[in-house]
Amino acid sequence: MIRLYSIPPSLYSAKVRIVLRAKQLDWEDVPPPGGYASDPYKEIVPSGTLPAIDHGGFVLVDSEAINEYLNELAPQPRMWPQDIVERARARALSRFHDTRLEPAVRALFGHVDPAGRNEQFVADQVKVISDRLGQLARMADPAPFLTGETLSLADCGYPITFTFIEMLTEPMALDIVFPESIATYFSALQREPSVAAELDSYRPALAAWVEATTGSKQ
Ligand SMILES: N[C@@H](CCC(=O)N[C@@H](CS)C(=O)NCC(=O)O)C(=O)O
């Protein structure tokens, strides 16, 4: 049994759970003792960040490292292309999510509460997010997934971040239009069984977080 340190709205924990589901691995979600960034949790995971796994005493942090570990632990279904160039491309697209798109969305989190919102900051950030989605549309050619017909590790962060954008759009009046190829990609992701199962359980957690933060029901 794999222990996954996570809290319900944690975006990167949901990214890992998509792989756990795709690989049909048994796991348990465990809240970090004392909360993330707490001293008791840092005794286990020095960075204090989520997600982390404990697999028989082996503790590993960072969603990308965890997903690569899971992919090697349970090789089927294969979630990286066999071709070296395609695999390198897939890694770059996965990192684009973690280092470019998601941080641009995360920058909005401090502005979800209308009481603490800086409208100019939000408007500027909407442009950044729209630019990043446009860059993704130019970098990727989903068919229907980033590496072809089946879900790969490169895909697993995107449905969660796209869902965040979707759920923040109304309460924050965000003017973000998904490029057509990315909207089609998001639809394909939502039909994929492991992603659909994760979104079924993740959306209510995200809605509860948005509601608690804004006071508006999703
Ligand atoms: N690159 C890390 C990012 C993880 C991350 O930012 N996690 C958030 C929760 S979703 C967190 O732990 N934030 C608290 C902090 O940064 O101290 C990963 O992929 O796991």
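This report describes a predicted model, taking in turn its sheet, its ligand shell, its helix packing and some backbone details.

**The sheet**

Four strands form an open sheet in the order β2-β1-β3-β4, and their pairing is mixed. In general, the strands of a sheet pair through backbone hydrogen bonds, either parallel or antiparallel. The edge positions are taken by β2 (27-30) and β4 (58-61); each has a single partner strand, so one side of each is left without a neighbour in the sheet. From one strand to the next the twist averages 20°. Strand β3 (residues 52-55) runs antiparallel to β4, and four bridges join the two. Within this pair, alanine 52 stands opposite valine 61 of β4.

**The ligand shell**

There are 13 residues around the ligand, and those that come nearest are Ser10, Tyr12, Thr49, Leu50 and Ser63. Two elements, α1 (11-22) and α3 (63-73), give two or more residues to this shell. By class, the shell has six nonpolar, four polar and three charged residues.

**Helix packing**

Three helix pairs are described here, and the table lists the residue classes of each contact.

| Helix pair | Nonpolar | Polar | Charged |
|---|---|---|---|
| α4 with α6 | five residues | two residues | one residue |
| α1 with α8 | six residues | one residue | three residues |
| α7 with α8 | four residues | one residue | one residue |

Helix α4 (residues 84-106) and helix α6 (residues 158-172) have axes that come within 10 Å and cross at roughly 15°. An angle under 35 degrees counts as roughly parallel, and α4 and α6 are therefore roughly parallel to each other. The crossing of α4 past α6 is left-handed. On the α4 side the contact is made by His97, Leu101, Glu102 and Val105, and on the α6 side by Tyr158, Thr161, Phe164 and Ile165.

Helix α8 (residues 193-214) takes part in the other two pairs. With α1, it packs at an angle of about 135°, the axes being 8 Å apart. This angle makes α1 oblique to α8. Here α1 passes α8 in a right-handed crossing. From α1, the residues in contact are Ala14, Arg17, Ile18, Arg21 and Ala22; from α8, they are Ser194, Val195, Ala197, Glu198 and Tyr202. Helix α1 also gives two or more residues to the shell around the ligand.

The other partner of α8 is helix α7 (residues 180-191), at an angle of about 85° and with the axes 5 Å apart. The two helices are thus roughly perpendicular. Leu189, Gln190 and Arg191 of α7 meet Val195, Ala196 and Leu199 of α8. Val195 is also among the α8 residues in contact with α1.

**Backbone details**

Most residues other than glycine have a negative phi, and most peptide bonds are trans. The model has departures from both patterns. Leucine 50 and proline 51 are joined by a cis peptide bond, with omega about 0°. Proline 51 lies in the loop between α2 (39-44) and β3, while Leu50 is one of the residues that come nearest to the ligand. Another cis peptide bond runs from alanine 143 to proline 144, where omega is near -10°. Proline 144 belongs to the loop between α5 (119-139) and α6. Alanine 37 is not a glycine, yet its phi is positive, at about 70°. Alanine 37 is found in the loop between β2 and α2.

Notes:
Residues numbered from 1 in each chain as written. Predicted model: local features only at pLDDT ≥ 70, side-chain atom pairs only at ≥ 80, totals over all residues. Near = placed C-beta within 6 Å. Nonpolar A, V, L, I, M, F, W, Y, C, P; charged D, E, K, R; others polar. Pairing = 2+ DSSP bridges. Axes fitted to C-alpha atoms, helices over the stretch in contact; angles between N-to-C directions. Parallel < 35°, antiparallel > 145°, perpendicular 65-115°, else oblique. Left-handed = near helix turned anticlockwise from the far one by under 90°. Contact = placed C-beta atoms within 7 Å.
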